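This report describes two contacts between chains and one sheet. Please look over the sequence and the structure first.

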4 protein chains.
Amino acid sequence: MDRIPVAVLGATGAVGQRFVQLLAAHPQFEITAVAASERSAGRRYADACRWVIPGDPPSSVSEMIVSPLEPPLPARIVFSALPASVARELEPHFARAGYAVCSNASAFRNEPDVPLIVPEINADHLALLERQRAERGWSGFIVTSPNCTTTGIALAIKPLDEVFGLRRVFAATMQAISGAGHPGVASLDILDNVLPYIGGEEEKIEHETCLLLGHVVDGQRVQADIVISAQANRVPVLDGHTICLSLGFDRQPTIDEATAILAKFRGPAVVRGLPSAPPHPIIVRPEADRPQPRRDRDAGEGMAVTVGRLRPCPLLDLRLVIVVHNTLRGAASGSILNAELLVASGEIAYGCLPSA
Amino acid sequence: MDRIPVAVLGATGAVGQRFVQLLAAHPQFEITAVAASERSAGRRYADACRWVIPGDPPSSVSEMIVSPLEPPLPARIVFSALPASVARELEPHFARAGYAVCSNASAFRNEPDVPLIVPEINADHLALLERQRAERGWSGFIVTSPNCTTTGIALAIKPLDEVFGLRRVFAATMQAISGAGHPGVASLDILDNVLPYIGGEEEKIEHETCLLLGHVVDGQRVQADIVISAQANRVPVLDGHTICLSLGFDRQPTIDEATAILAKFRGPAVVRGLPSAPPHPIIVRPEADRPQPRRDRDAGEGMAVTVGRLRPCPLLDLRLVIVVHNTLRGAASGSILNAELLVASGEIAYGCLPSA
Amino acid sequence: MDRIPVAVLGATGAVGQRFVQLLAAHPQFEITAVAASERSAGRRYADACRWVIPGDPPSSVSEMIVSPLEPPLPARIVFSALPASVARELEPHFARAGYAVCSNASAFRNEPDVPLIVPEINADHLALLERQRAERGWSGFIVTSPNCTTTGIALAIKPLDEVFGLRRVFAATMQAISGAGHPGVASLDILDNVLPYIGGEEEKIEHETCLLLGHVVDGQRVQADIVISAQANRVPVLDGHTICLSLGFDRQPTIDEATAILAKFRGPAVVRGLPSAPPHPIIVRPEADRPQPRRDRDAGEGMAVTVGRLRPCPLLDLRLVIVVHNTLRGAASGSILNAELLVASGEIAYGCLPSA
Amino acid sequence: MDRIPVAVLGATGAVGQRFVQLLAAHPQFEITAVAASERSAGRRYADACRWVIPGDPPSSVSEMIVSPLEPPLPARIVFSALPASVARELEPHFARAGYAVCSNASAFRNEPDVPLIVPEINADHLALLERQRAERGWSGFIVTSPNCTTTGIALAIKPLDEVFGLRRVFAATMQAISGAGHPGVASLDILDNVLPYIGGEEEKIEHETCLLLGHVVDGQRVQADIVISAQANRVPVLDGHTICLSLGFDRQPTIDEATAILAKFRGPAVVRGLPSAPPHPIIVRPEADRPQPRRDRDAGEGMAVTVGRLRPCPLLDLRLVIVVHNTLRGAASGSILNAELLVASGEIAYGCLPSA
């Protein structure tokens, strides 16, 4: 089977580099174009980007000439690592031109006809695509993946919500610097320090979590009825967001019940076996001092959320701590898993390009 | 006026060193003895301790010979920086022998007749000393200062509690490594990492805060009726604990009300003007990204709690972030301020030693 | 005695902020103007600068309106914290207009008629000012202070050079991130990492050290005949450059001789007693593991160079390690000490402004 | 082909864990025993060791019961991660009992009849084994691998020495905290800091490098005639030692010559193709700011030394910077590569245990 040709938009940035790294080794996809802003377009990829990931750019991509950020590109799927404002303008051009746009940007996450997907949580939200096509008249489409922190939280609480009915969430985050891209956070601001503010992050966590845990009813996305209070902080950690959660349910789970439900979670059948899907989307650790970002971020190739410290909460029902790899599960790998879901769901046909 | 002779118990440890550093420059107190465990006793102080604070041990103390941890010591007040288990055994020896013991250890914080004091919050709890003397028959006494994190939380919520009636608290902490002493946290455990567990810390926060905000009624300490849920984390910061708080009140304050009440807080009259009391125990910062531990821990010579990010909470009433210097306000300076309060309250007479 | 009115050029940058912090508390100088680029000019200083130093901008300066970078300014001395390229263009404007320019920029350090001064080393190089005035026809003048790393190295080797005749130097540096200003080094580049390259740094160390240790003969500056090989690295340290040195002399000192000569160094009489001059410009520490940047950078209010690990070298004669505070002795405080020297030398008269 | 049974001595320590992690996935070796001190012996491996490496202990080893540190063990090769003083006493017991001891400890590195091996450098030094057997009468033997820093330096200079005749070396190191094991360096000592001293390290670098680059003549190891001056520092980096080198040769290489010789280095034929041997033992990077420990330590699975910044030296001939992974190439993987060399050289027969 031939691999599906894919392009990366914003390929020279920190998240774009992760896309390139991951897609270069992907069994289903083949990078056929890397696109970036005017400053980079026309240059060798290896020259245009300051590679910030360990190792080197994959040799299959290093020599590619960076394309401008516009159709046509010789690809069927375009992965978008664009900043939100740029994504807002450019992603529709690609959808209109027939491409499947798998976006990591926040630009369209809140649109009622644009699926916001974490496959293990809400693969069925792809049903919104029908409405998207009908309303927008695009021959392609846009599917989005959520904010990195939200992805981790939503994955960890989904199985508990299903059984116990989640109503209230306190979330205090300790987020890695890679979440701000490169150059991102100045070292003078974060060494021996904590920054108790990340612009827009708390709002995203509070809102997108309810979208992910919502339901599609009659083609409409209905948000979950959960009240969330988030406090977001930046800490001197390279990769891996750590989040302290307190959860309140309709029915209080015992610690053993909650542990068992988290540990056995697998997500829907359509997701299992996808190339980027981890065998266990949630890993429960029994040690008193886990999860830790450096030691747990790479669990399941960076696609598993690690959960620990399950214990009662004096105010709500349950406390726990989670770690999610923010640039893998929470960004590039998350969007790639969405693309794999689209392929498995028949939304993307092999072998024909939009321009064909 | 002569300075009051004081001794430091556990003088060679990290907190003990802070005591030595601060007391060597104190206008009311004069270090006349440094005591430590058998391993150090009999040695020159400068040789016995591995100084972990910037600069050098004060020259007035360097040449002292370390005393064993037992009375008599040529002092009126003994400051205890002992580990809890050692403090449990030894502090009563000193209290019985007539010394005023100002303890930073947790050993006696929960005893109903031992004041747990942060002067700006509950100087009136010294009333428990009468009961302590009556029940224990000691010629001296023990006064304790709370856990470092608790000190910061209790200071920040006290003025709000007085006006609005605090009922519920969520606290997620990001604590500095100096809180674990030296050698304390291994660098391999904390560099590029977060440790989501600090043994006993959450329980201390949840319990001691209610003691501090309680009231002494008929010689009995009545705990405050506040439910607290704490999640404690260690982060790669040298000094300064950062704490995210969500607060629920009997009556919801507006952000402006809360800000004004925090900013104008001074504590009771007896505290103002004490040598270690900061002019403003609480400093409210308006910037979106403050307080930060490295930039705010030294506010008010490390004795002020810095508060910021006051904003509504979707679940409770108010969210905010605070920073407290854990080894100054939260440890050594806090105990010294207690001793200053004892002097101002007439509990410690100048000029006569217990052994006299 | 009135204080001398001074201005800071580039006052909103990281080094400029240090100037402002230090000058606001200076006994001889009074900040009367802060100047910065067009982006900041016309704004309140506290609004125009993102304060990266612990604490807050001094209240005496916060409300000042930032001036543009051009004469006239209501000052007698202007301290320059400008980038080299900007300094190259603008500093002569001020010198021509009659101001004493004390520059921390590298722009004019290599000019044969511009003194490059560390007062304890080569106060006598001020003799070049006569030539500068004669050749340039300025009513004011420019005096420069060296690169931060160079300052530390030159101070540590000067007393040894005088006695033993220094010929060869190996220097490997581990430099703090504050040396790159703000935002400067991206946290993604330096956390858990070392950057083995700092643009232009090695050349500055190798050249400026020879200028500082040179002599003024017949109005000409003659470089010292020393061969220096420098390797410069950036490490995750906030402040304080650490430098490993190996030194080769005409006559090999014993360790005791070298130690004694360093410990007793005071610099020339004209420098002692200047407000910013430390009582001991060089502090020799006997511990095996000192100096360390965090523990020694603040020695002598950040103006002393701390030296340790003196031991023989298998290849040259002597090995040692030094720490210098890069933004104090190595930048702002260094230039201020130069200004104090100019006052003490009669080069700056009190009470008359250039525009008067 | 059956895998050779191997044991790890000191299996619960930081280096021991690396051995376990690597050997569990090794194509030639199979862990059949893990041994540690009395405190751990008799316990489940997963319980006895506090795993400090990302991920979990390999499942094939987790359930093993830790053996005491004495023969017999059901193995043919024993890898020693023991502290030097313990190794001094115990390694001979195993050699006498017939085991091939591949030691990472320093205890026997300087013995004239014990090979100190980095296979790409001096595989021929195994010739010393004949003498070792003859003199000691052991049925097994001891082969050692060098100090971690020395390994990197020796690998980088070996190809240049062969061609240009190395005579003098300046080395300034910036070493990772993992080199001190766990708990090792206290976080309070290294965060925002540099420690300019590592006990014994400089002497090891200066001596062991000459052993590695020496020659075996008539069964005697003759040290290389190179004068080395080392300055060792600890920096806040997790893994990967960075070393600045200045080299003086009999004949000065051009930068192009040196670059070409380093880039084409492969080591002797017997080493190529060993499972742990990297295809390129030395990787030369052209970027101005490489190598960096975080970005280059994992080159060649942590077995390649990365070299950069080749440039002339004002004092000697050539300057460069290298990075070596201290716990892989510099410790566990290095000893494993030695074992692979021993297998390939016929020194270890498959299938028969010492006790058989």
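Which side chain meets that of A:R309 in a salt bridge? The partner is B:E202, with 2.7 Å from N to O. The model is a predicted one, and the sections below take up the interface of this salt bridge, then another interface of chain A, then a sheet.

## Chain B and chain A

Chain B puts 50 residues into its contact with chain A, and chain A likewise gives 50 residues. Between them the two chains bury about 3,800 Å², of which 56% lies on carbon and sulfur atoms. On the chain B side, the residues that lose the most area to chain A are B:D192, B:Q231 and B:L315, which together make up 18% of what that side buries.

Ten salt bridges are found across this interface, the pair A:R309 and B:E202 being one. There are also 34 residue pairs in polar contact, both residues at pLDDT 80 or more. Several elements of chain B give two or more residues to the side that touches chain A, among them α9 (201–212), β10 (241–249) and β12 (305–312). The most comes from β9(B), with seven residues. By class, this side of chain B has 29 nonpolar, seven polar and 14 charged residues.

## Chain A and chain D

Chain A also touches chain D, with 13 residues in contact on chain A and 13 on chain D. The area buried between these two chains is about 1,200 Å², 35% of it on carbon and sulfur atoms.

Four salt bridges are counted between chain A and chain D. One of the salt bridges joins A:R285 to D:D56, whose closest N and O atoms are 2.4 Å apart. The count of residue pairs in polar contact, both at pLDDT 80 or more, is three. On the side of chain A that touches chain D, eight residues are charged, four nonpolar and one polar.

## A sheet in chain D

Chain D holds an open, mixed sheet of six strands, in the order β9-β6-β10-β13-β12-β11. Its edge strands, β9 (227–234) and β11 (282–284), each pair on one side only. On average, and with direction ignored, neighbouring strands are turned by 20 degrees against each other.

In chain D, strand β6 (residues 166–175) runs parallel to β9(D), and eight bridges join the two. In this pairing D:M174 stands opposite D:N233 of β9(D). Helix α10 (residues 255–263) of chain D packs on the sheet, where the helix touches β11, β12 (305–312) and β13 (318–324). The direction of α10 makes about 170 degrees with that of β12(D).

Technical notes:
Residues are numbered from 1 along each chain as its sequence is written. Chains are lettered from A and ligands numbered from 1 in the order in which they are written. This is a predicted model: local features need pLDDT of at least 70, side-chain atom pairs count only at pLDDT 80 or more; totals for chains, interfaces and linings use all residues. Side-chain values use heavy atoms; hydrogens and water are left out. Contact means heavy atoms within 4.5 Å. Buried area is the accessible area (1.4 Å probe) that two parts lose on being put together, summed over both. A polar contact is a pair of N or O atoms within 3.5 Å; within protein, one must be able to donate a hydrogen and the other to accept it, and residues adjacent in sequence count only if both atoms are side-chain atoms. Ala, Val, Leu, Ile, Met, Phe, Trp, Tyr, Cys and Pro count as nonpolar, Asp, Glu, Lys and Arg as charged, and the others, Gly among them, as polar. Two strands pair if DSSP finds at least two bridges between them. Helices (H or I, at least four residues) and strands (E, at least two) are DSSP runs, numbered from the N terminus. Axes are lines fitted to C-alpha atoms, for helices over the stretch in contact, and angles run from 0 to 180 degrees between N-to-C directions.
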